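Colleague: Could you take a close look at one helix in this model for me, and at what surrounds it? I'd love a connected walk-through.

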Amino acid sequence: MRAASNQSQKAKMRNPIKLSLIGIFALTGGAEIWQRVVSLIEFEIQYFALVAFSTLLALCTFSLIGAAFISNKFLRWALAGILASGSVFIDSYQWAVGDFMDYESFITMIGSSGDLGNAIDQYGSVIFLALIRAMVLLVGIGLEPGTIKNALVTASKYSPLPVIFLITAILFFAVAKARMDYLPLTMALALHSSTATNF
């Protein structure tokens with residue numbers, strides 16, 4: 001009886017822990033989000049871009065929470081690993097360069113992957129901090145969820161893949177006139193993991 005009670009208490013604690021970790025991940029990206037908002041209103045308010053950015057940010061945050069509550073542990077941990085990897089990728093670049101990653105920068109970074117050793121030597125501390133932030137996301141999503149009674153959270157479980165495909169479609173349109181050497185799905189996963197801070 002006592003063992004069952006302890007298990008029930010642990011299950012109740014898992015969801016607040018998961019949401020807290022995802023919240024910490026989101027808050028530690030707050031500076032980049034604010035910089036993006038400022039860039040859209042600094043000289044002239046770009047209403048359409050501001051609405052688009054806010055919508056994508058909300059969708060990505062919603063789908064991050066959804067990914068954390070997927071019941072299938074293999075799918076949940078797979079998404080956690082992919083999104084955490086994308087977080088390391090994006091954060092390492094942005095913190096090292098001090099600017100947002102655009103599509104051209106993404107392609108250049110992929111093409112220069114052979115220089116990873118030099119990058120670690122030069123930006124090791126930045127990459128280490130990016131890894132710490134990514135680990136917060138990894139555990140926040142991957143940790144087994146408890147019982148869910150909130151209808152909104154339940155609905156969010158079905159959002160991660162549609163949101164990733166939406167971002168992919170946006171990237172296809174955004175670079176339609178450019179030569180595409182890599183499918184933007186990879187970048188969509190990375191952007192999604194950074195909660196749309198790079199749009």
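Modeller: Happy to! Let's take helix H2, residues 30-41, keeping in mind that this is a predicted model. Its twelve residues should span 16 Å at 1.5 Å a residue, and the end C-alpha atoms lie 17 Å apart, so the length agrees with expectation. The buried residues of H2 are Glu 32, Ile 33, Arg 36, Val 37 and Leu 40. These sit on the same side of H2, because they cover an arc of only 140° around its axis. That fits the general pattern: an α-helix has 3.6 residues a turn, so residues three or four places apart point the same way. As for the cover over the buried residues of H2, it includes H3 and helix H4 (73-97).

The last residue number of H2, 41, also brings us to the surface. Ile 41 joins Ile 45 and Tyr 47 in a nonpolar surface patch of about 300 Å². Tyr 47 belongs to helix H3, residues 47-68. With a relative accessible area of 60%, Tyr 47 counts as exposed because it passes the 50% cut-off.

Staying with the neighbourhood of H3, have a look at Ser 156, which lies in helix H7 (residues 151-156). Ser 156 has a relative accessible area of 1%, so it is buried, the limit being under 20%. Leaving aside residues up to four places away in sequence, Ser 156 touches Phe 62, Ile 65 and Gly 66. The C-alpha atoms of Ser 156 and Ala 68 are separated by 9.3 Å, although these two residues are 88 residues apart along the chain.

Methods. Residues numbered from 1 in each chain as written. Predicted model: local features only at pLDDT ≥ 70, side-chain atom pairs only at ≥ 80, totals over all residues. Heavy atoms only, no water. Patch = residues over 30% accessible without salt bridge, like charges linked within 9 Å, V, L, I, M, F, W, Y side chains within 5 Å. Areas by Shrake-Rupley, 256 points an atom, 1.4 Å probe, with all protein chains shown as cover. Salt bridge = Lys/Arg side-chain N within 4 Å of Asp/Glu carboxyl O. Helix = DSSP H or I, 4+ residues; strand = E, 2+ residues; numbered from the N terminus. Buried < 20%, exposed > 50% of the residue type's maximum accessible area, 1.4 Å probe, protein only. Expected span 1.5 Å × (residues − 1). Arc of directions from axis to C-beta. Contact = heavy atoms within 4.5 Å.
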